[in-house]
Amino acid sequence: MSSTGKVCVVVADDQDEERAKVTLPLGACGMHVLEARDGAEAIALVRNHEADLVILDAYMPGVNGFLALKT
């Protein structure tokens, strides 16, 4: 859980519209949602926050979801 006491979710997707399809409903459910535009940002967020769940787009430029998962 995040420092706010909410479930913390990191959502990584390079497309704003696709990321919003996931983040908006999760936020509406009261979850603390952190957004990343690529795998490198997702890795940094996970390292700096206590994420309960990480949702990765598999095909992002640079560090894709598969590489981020291995890190």
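The legends below describe close-up views of a predicted model.

**View 1. The open sheet of three strands.**
In this predicted model, three strands form an open sheet whose order is β2-β1-β3, and the pairing between them is parallel. The edges are taken by β2 and by β3, which spans residues 53–56, and each of these has a single partner strand, so one side of each is left without a neighbour in the sheet. Averaged over the sheet and with direction ignored, neighbouring strands are turned by 15° against each other. Between β1 and β3 the parallel pairing extends over four bridges, and within this part of the sheet V9 stands opposite L53 in β3. As general background, strands of a sheet pair through backbone hydrogen bonds, in either a parallel or an antiparallel sense.

**View 2. Two helices across the strands.**
Helix α1, made of residues 16–28, lies across β1, β2 and β3, and its direction is at about 165° to β2. Helix α2 likewise lies across β1, β2 and β3, where it runs at about 145° to β2.

**View 3. The largest nonpolar core.**
Eight residues make up the largest nonpolar core, namely C8, V10, A12, L34, A36, A42, L45 and M60. At least two residues of this core come from each of β1 (8–12), β2 (32–36) and α2 (39–48), and β1 gives the most, with three residues. One member of the core, L45, is in contact with V10, L34, E35 and A36 when its neighbours within four places in sequence are left aside. In soluble globular proteins, nonpolar side chains tend to be buried together.

**View 4. Two cysteines without a disulfide.**
The count of disulfides comes to zero. For C8, which is in no disulfide, the nearest cysteine sulfur is that of C29, 15 Å away. Seen from the other end, the sulfur of C29 has its closest cysteine sulfur in C8, and the separation of 15 Å is too far for a bond, given that a disulfide calls for sulfur atoms within 2.5 Å. The surroundings of these cysteines can also be described by accessibility: C8 counts as buried, at 1% relative accessibility, whereas C29 counts as exposed, at 63%.

**View 5. The aromatic pair of Y59 and F66.**
One aromatic pair is found when the whole structure is searched. The ring centres of Y59 and F66 lie 5.7 Å apart and the ring planes stand at 75°, so the pair is edge-to-face, a class that calls for planes over 60 degrees apart. Of these residues, Y59 is exposed, having a relative accessible area of 67%, while F66 counts as partly exposed, at 45% relative accessibility.

**View 6. The surroundings of R37.**
R37 is located in the loop between β2 and α2, where it is partly exposed, with a relative accessible area of 48%. Although R37 and A12 are 25 residues apart along the chain, their C-alpha atoms are separated by 5.6 Å. With its neighbours within four places in sequence left aside, R37 is in contact with D13, D14, D16, R19 and M60; of these partners, M60 also belongs to the largest nonpolar core.

Definitions and conventions: Residues are numbered from 1 along each chain as its sequence is written. This is a predicted model: local features need pLDDT of at least 70, side-chain atom pairs count only at pLDDT 80 or more; totals for chains, interfaces and linings use all residues. Side-chain values use heavy atoms; hydrogens and water are left out. A nonpolar core is a set of buried Ala, Val, Leu, Ile, Met, Phe, Trp, Tyr and Cys residues joined through side-chain atoms within 4.5 Å. Buried means under 20% relative accessible area, exposed over 50%, partly exposed in between (1.4 Å probe, protein chains only). Contact means heavy atoms within 4.5 Å. Rings of Phe, Tyr and Trp (its six-membered ring) pair if their centres lie within 6.5 Å; planes under 30 degrees apart count as stacked, over 60 as edge-to-face and the rest as tilted. Two strands pair if DSSP finds at least two bridges between them. Axes are lines fitted to C-alpha atoms, for helices over the stretch in contact, and angles run from 0 to 180 degrees between N-to-C directions.
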